[in-house]
Amino acid sequence: MRLEEVRRQIDALDDELLILILKRLEYSGIIAKIKLDNGLPIYDESREHAILSRVKLDSGKSYKFVLPIFLEILNASKLIQQEARNSAKED
């Protein structure tokens with residue numbers, strides 16, 4: 001394989017990842033509303049632990065590389081939920 005070909009494949013994967021990340025963040029906004037309506041806190045330690053445990057199990061030896069990515073995704077989700085909560089308070 002040539003470098004350009006591999007880079008094109010990586011670019012295609014990046015496009016797919018972006019779509020999936022944006023969809024996940026969209027769901028975070030929906031979850032924010034559900035949590036707000038039900039008086040639930042933004043941070044759910046058991047849920048986060050379950051997600052990270054699943055990531056560790058599914059990623060095997062690559063866990064040390066994948067973990068920081070998922071931690072950032074979870075942090076972004078919490079930020080979105082906090083923004084939604086702040087926005088609801090302003091209304």
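Leaving aside its neighbours within four places in sequence, Ser77 is in contact with Arg24, Leu25 and Ser28 in this predicted model. Ser77 has its place in helix H3. With a relative accessible area of 7%, Ser77 is buried, because buried means under 20%. One of its partners, Ser28, is buried as well and belongs to H1, as do the buried residues Ala32 and Lys35. The buried residues of H1 pack against H3.

Helix H1 covers residues 3-37. How far apart should the ends of its 35 residues be? At 1.5 Å a residue, a span of 51 Å is expected, and the end C-alpha atoms are indeed 51 Å apart, so the two values agree. Just after H1, Gly39 takes a positive phi of about 65°.

The loop between H1 and H2 holds Pro41. Is this residue buried or exposed? Pro41 counts as exposed, because its relative accessibility of 52% is over the 50% cut-off. Even so, Pro41 has partners elsewhere in the sequence: not counting residues up to four places away, Pro41 touches Lys35 and Arg85. Lys35 is one of the buried residues of H1. Pro41 can also be compared with Gln81: the two are 40 residues apart in sequence, and their C-alpha atoms lie 9.7 Å apart in space.

Attention now turns to the nonpolar residues. In soluble globular proteins, nonpolar side chains tend to be buried together. Here, the largest nonpolar core has five residues, namely Ile51, Leu52, Val55, Tyr63 and Leu74. Helices H2 (45-59) and H3 (63-90) each supply at least two residues of this core. The largest share comes from H2, with three residues. Within the core, Ile51 offers a useful example: apart from its neighbours within four places in sequence, Ile51 is in contact with Arg24 and Leu74. Arg24 is also among the contacts of Ser77.

Nonpolar residues are found on the surface too. Met1, Val6 and Ile10 form a nonpolar patch there, with about 300 Å² of accessible area together. Val6, which is found in helix H1, has a relative accessible area of 32% and is therefore partly exposed.

How many salt bridges does the structure hold? There are four, and three of them are described here. In one, the side chains of Arg2 and Glu4 meet at 3.5 Å, N to O. Arg2 is exposed, with a relative accessible area of 60%, whereas Glu4 is partly exposed at 41%.

Another salt bridge joins Lys23 and Glu26, whose closest N and O atoms are 3.8 Å apart. Both residues lie in helix H1, three residues apart, which is about one turn of the helix. An α-helix has 3.6 residues a turn, so residues three or four places apart point the same way. Lys23 is partly exposed, with a relative accessible area of 37%, and Glu26 is partly exposed at 46%.

A further salt bridge brings together the side chains of Asp37 and Lys33, at 2.9 Å, N to O. Asp37 and Lys33 are likewise in helix H1, four residues apart, about one turn of the helix. Asp37 is exposed, with a relative accessible area of 53%, and Lys33 also counts as exposed, at 51% relative accessibility.

Key:
Residues numbered from 1 in each chain as written. Predicted model: local features only at pLDDT ≥ 70, side-chain atom pairs only at ≥ 80, totals over all residues. Heavy atoms only, no water. Patch = residues over 30% accessible without salt bridge, like charges linked within 9 Å, V, L, I, M, F, W, Y side chains within 5 Å. Areas by Shrake-Rupley, 256 points an atom, 1.4 Å probe, with all protein chains shown as cover. Buried < 20%, exposed > 50% of the residue type's maximum accessible area, 1.4 Å probe, protein only. Core = buried A, V, L, I, M, F, W, Y, C linked by side-chain atoms within 4.5 Å. Contact = heavy atoms within 4.5 Å. Expected span 1.5 Å × (residues − 1).
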